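Here are some questions about how particular labels are earned in a predicted model, each answered by setting a value against its criterion.

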Amino acid sequence: MRQSRFFTKTRKEAPKDEVSNNASLLIRGGFIDKLQAGVYSYLPLGFRVLKKIENIIREELNKVGGQELLMPALQPKENWQKTGRWDSLDVLYKVTDLSGRENALGPTHEEIVVPLVGNFLNSYKDLPFSVYQFQTKFRMEARAKSGILRGREFVMKDMYSFHANEDDLKLFYQVVWDTYVKIFDRLGLGKLTYPTFASGGSFSKYSHEFQTVTPAGEDTIYICDDCKVAINKEIIEEQKVCPKCSGQKFREEKSIEVGNIFELKTKFSAPFGLTYKDESGNSKEVIMGCYGLGPSRVMGTIAEVFADKNGLVWPANVAPYRFHLIELDGSSNDDVRNEALKTYDAIRKDIGDEVLFDDRDLSAGAKFADSDLMGIPYRIVISKKTLDSKMLEVKDRKTGKIEMVSMEDLKKYYD
RNA sequence: CGGGGCGUAAUAUAGUGGUAGUAUAUAUGCUUUGGGAGCAUACAGUCCGAGUUCGAUUCUCGGCGCCCCGACCA
C-alpha cells in the first residue's frame, strides 16, 4: 500500500477525552475512530490488525476441529424468553420492528446456536463437534470504558461444543485450554497471559479465564509463578491455594480478561430440549461447553501492553504490515524513488501485501515519527545515503537497532 | 445506575456580559529535506433549547454528549 493514498492520517494529539492508552494511540495512529462511547470504527490499518488476530485464532481452532459459521445478530425475543434471559439480562439491546416484533441484538449466541444445531443433531454418532464464529456483539454496558477494552459493540469469537457426556466435554475443554495457550503465544501475549481460575457467573460454579497482566486491566488476579496459573480475586476467598501445586505464594496483578472458557453442561440444552439418542435409543440431553475470545479486546490489550513513548509496537504476527518502507526525498529524487519502488515491488513479490510504502512528500522527521507511532516492526529507509552505500537501512521498531543490509539479506526479516 | 468533571475550528488550547485569540492540521506560493522544517497569505469555531439582559460563547435552568471513580459485567 502506498501511504500517500491512505484516506486516514496520523495525528499529533489524541482527543483530550481519550485517556486510555490503547484508544489514544490507536486513534492517533489512524487504526480506529470513535463514533460514540464504546463504539468504534476499525480503519484500514486497524482492520488489518483485527483480521490478523482473527486468522491466528481461526487457524488454531480449525486444527482442533472447530467448524466456522456465522449466526445472525438480530435475534427473536422468543429464543431469549425460553431461557429467561429476555428479562434477566440487563445488557440486552432490544429493538422493535414495524410490525411490533421484538428482537435482541445478540450479546452472545447460546440462544441461537442451540436450536440451530438441534435442526441437525439426532444421534450419539453425531457427537462431539464444535462450532464457532467471529461476530459483532452488542452489550448495553452501563459504562463503556477504556477505549476498545469495554465497548458496547465489539468483535467476539464465540465457540460452542456439544458432547454426549461430561467426560467428553472435559477432554475437549482441555484441548481448548491448550489451544488458547497457543493462540496467545502466537498473538505475542504468551508471557503476559495466565490461565485463571474464576467464578462461573450465572453459568457454573467455576470457569477459566485467560488474563493478560497490565496496569490498564480492570481485574485483579493472584499469580502462582511456579505453575503459571492465576486465581481471580473474585474467588480468592474460597480458593486460597494454587489449584496445581497447592502453593500459597501469589503475586497480585491487574489484568485484562482476554478469553474465557465455560462448562455449560445442560444449562442451554435443557430449555431448548436439545437431545440425542444414545446407543440404546434413549433420549439424553446434550452436554455443552462455550469458549469466548475477543479479537477487538485483544487488539486493545496489545496496544496497551506493547507501546513506548513514541507509539505502538506491534508483535510481528499481528502488525498491520511487516515492513514500513520509507523514501526520503523521493518526490524530487528519481534515483531514490526508483530504488524505493524496486524494493517495494520485490518485497510484495516475495511475501505479498506486507509492506507499507511511505511515498509522501514530507520531511524525514515527520515520516519517522509516523512510523514509530504506527508501530510496524521493521522500518526500511531509502535515501541518497543508502543509495551511495548500495544497502538498505532496516530499523527494528522494538529494539531500535539499525542494520544495513542488501536486498538479498532483507529476506532474513521475512519471518 | 450513583458520584464527580468537562463541552470554544478537524485537533489541542486561551479568553470575554458587547469585534473570539494562539498552535497544529488543511489550501496556495517560495525556500527547505536523516527525527514532527521556515516565511507569507487563506480557510475554519463558542453542543442544543429555554430563561435573565438592550445585548449571552460567558450568568441561570433543562437537555444531549464525552471522560473518570464506583456499582454492574458470560
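Q: Where does Gly65 lie relative to helix α2, and what is its phi?
A: Gly65 comes just after α2 and has a positive phi of about 90°.

Q: How do you know that the span of α2 agrees with the expected rise of 1.5 Å a residue?
A: Helix α2 covers residues 44–63, and its 20 residues should therefore span 28 Å at 1.5 Å a residue; the C-alpha atoms at its ends are 28 Å apart, so the two values agree.

Q: Which residues of α2 are called buried, and what makes a residue buried?
A: The criterion is that 20 or more other C-beta atoms lie within 10 Å of the residue's own, and in α2 the residues classed as buried are Leu45, Gly46, Arg48, Val49, Leu50, Lys52, Ile53, Ile56, Ile57 and Leu61.

Q: Why is strand β19 called largely enclosed by the rest of the structure?
A: Five of the five residues of β19, residues 323–327, are buried, so the strand is largely enclosed. Both of its faces are covered, with Phe323, Leu325 and Glu327 buried on one side and His324 and Ile326 buried on the other.

Q: What makes β19 a paired strand, and which strands does it pair with?
A: Pairing needs at least two bridges between two strands; four bridges join β19 to the parallel strand β20, residues 355–358, and five join β19 to β21, residues 378–382, also in the parallel sense, so both pairings satisfy the criterion. His324 stands opposite Leu356 in β20, while its bridge partner in β21 is Arg379.

Definitions and conventions: Residues are numbered from 1 along each chain as its sequence is written. Chains are lettered from A and ligands numbered from 1 in the order in which they are written. This is a predicted model: local features need pLDDT of at least 70, side-chain atom pairs count only at pLDDT 80 or more; totals for chains, interfaces and linings use all residues. A residue is buried if 20 or more other C-beta atoms lie within 10 Å of its own, exposed if 12 or fewer, and partly exposed in between; C-beta atoms are placed from the backbone. Helices (H or I, at least four residues) and strands (E, at least two) are DSSP runs, numbered from the N terminus. The expected span of a helix is 1.5 Å times one less than its number of residues.
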